[in-house]
Amino acid sequence: MEKAKVYFTREITPENVVKMYQALNKALPGKVAIKVHSGEEGNQNYLHPEFMKQMVEYVKGTIVECNTAYEGERNTTDKHQKLMEKHGWSKYFEVDILDAEGEDKVLEIPKGKVIKQNYVGKNIDNYDSMLVLSHFKGHPMGGYGGALKQLSIGVASSEGKSWIHSAGKTKDQTILWDNIAKQDEFLEAMADSASSVVNYFKDKIAYINIMCNMSVDCDCCSVAEDPCIKDIGILASLDPVAIDQACIDLVKNSDDEGKAHFLERVESRHGTHTIDAAEELGIGTKQYELIEL
């Protein structure tokens, strides 16, 4: 497989998010779903809608999210919609909670390592293409969060999230934490589910990772650690494996002393196993060319 192209700029501005997308030379067709992280109530690190505004308007997309599988302000449609309003998403954009109501859509994963089906919000059928707009940071369970996490846990419905976290044991969030998977099984289930979304949209999907406000905790944490490493930049690619691998490498190659704390979170959770598994599933490559603009 030839190297994937990953475009990179060190200057983090709303204008440069659009510039990185333009560098891909990939016009997303039809109705565009823009997958973001809406930010849990109390989280201080998530990327706010004002920062995303130029990018969303450029592709004329709809902000999409799915409900969570843990207690908080995003685990029911009603609470999630209210938080989307409070955080300003609904003020600027059309917002769609993909699993707001009705039965989930089932995406088959015939070659899945751990799970053979992925449960996503049925409203995904309303979209022709997807822009995965990720805030790159750490994660308490996955080690890190980037494009692959957005594709997997991010697009999965509330029940689908339980299915991934339990490696296919349960869709019931009330008993999820009694059925939590072994770590590598969870990571492989994330790769499996990510692959199903990639295969659903095929070549009508693009990825932007924004490396700022990088805490070891995810934007899903209501009480998150403050960022531990300085901002690095914005990356864009048509390859979800390559863009996440490039982010990990940029952290490793950083001269910031805070990277040790960040990498401890990644490595203690075996986080890059998700990248390895996704590459094995054929949805991307870890071999990339970093093109700085």
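This report walks through the fold, the cores and a handful of residues of one predicted protein model.

## Ground rules

Because the model is predicted, local features are given at pLDDT of at least 70 and side-chain atom pairs at pLDDT 80 or more, while totals for chains, interfaces and linings use all residues. Residues are numbered from 1 along each chain as its sequence is written, and side-chain values use heavy atoms, leaving out hydrogens and water.

## Overall build

The protein contains 10 helices and 12 strands; these are DSSP runs numbered from the N terminus, with helices (H or I) of at least four residues and strands (E) of at least two. Its radius of gyration is 17 Å, close to the 19 Å that the globule rule gives for 293 residues, so the protein is as compact as a globular protein of that length. For that comparison, the radius is taken over C-alpha atoms, and the rule is 2.2 Å times the number of residues to the power 0.38. The C-alpha trace spans about 45 × 40 × 40 Å along its principal axes.

Of the 293 residues, 60% count as buried. Here buried means under 20% relative accessible area, exposed means over 50%, and partly exposed is in between, with a 1.4 Å probe and protein chains only. Contacts (heavy atoms within 4.5 Å) often bridge long stretches of chain: among those between residues at least 6 apart in sequence, 76% join residues at least 24 apart.

## Surface and charge

About 11700 Å² of the protein is exposed, and carbon and sulfur atoms supply 46% of that area. Accessible areas come from the Shrake-Rupley method with a 1.4 Å probe, and for residues only the protein chains shown count as cover.

The protein has 33 positive and 47 negative charges, whose mean positions are 3 Å apart. Lys and Arg count as positive and Asp and Glu as negative, without His or the chain ends; each charge is placed at NZ of Lys, CZ of Arg, CG of Asp or CD of Glu.

## Two nonpolar cores

A nonpolar core is a set of buried Ala, Val, Leu, Ile, Met, Phe, Trp, Tyr and Cys residues joined through side-chain atoms within 4.5 Å. The largest one has 49 residues, and Met130, Phe136, Leu151, Met211 and Leu235 have the most contacts inside it. Elements giving two or more residues to this core include strands E1 (4-9), E7 (129-135) and E10 (205-211), along with helices H5 (147-154), H7 (183-201) and H8 (240-252). H8 gives the most, with eight residues.

A second, separate core has 32 residues, including Ala23, Ile34, Met52 and Trp89. Back in the largest core, Met211 makes a good place to start looking: beyond residues up to four places away in sequence, its partners include Ile12, Phe136, Leu235, Cys247 and Leu250.

## An enclosed helix

Seven of the eight residues of helix H6 (residues 158-165) are buried, so the helix is largely enclosed by the rest of the structure. Among the buried ones are Lys161, Trp163 and His165. Their cover includes strand E6 (117-120), H5 and H7. After H6 comes Ala167, with a positive phi near 55°.

## Buried residues worth a click

Gly121 sits in the loop between E6 and E7 and is buried, at a relative accessible area of 0%. Its C-alpha lies 5.1 Å from that of Asp104, 17 residues away in sequence. Leaving aside neighbours within four places, Gly121 contacts Cys66, Leu98, Asp99, Lys105, Val155 and Ser157.

Ser196 belongs to helix H7 and is buried at 5% relative accessibility. Although Leu107 is 89 residues away along the chain, the two C-alpha atoms are separated by 6.1 Å. Contacts of Ser196 beyond four places in sequence are Leu107, Glu108, Ile109 and Asn118. In helix H10 we find Ile275, also buried with a relative accessible area of 0%; its contacts beyond four places include Tyr144, Leu148, Val241 and Ile248.

## Positive phi in loops

Lys60 is not a glycine, yet its phi is positive, about 55°. This residue is in the loop between helix H2 (49-59) and strand E3 (62-65), and at 72% relative accessibility Lys60 counts as exposed.

His270, another non-glycine residue, has a positive phi near 60°. It is found in the loop between H9 and H10, where His270 is partly exposed, with a relative accessible area of 38%.
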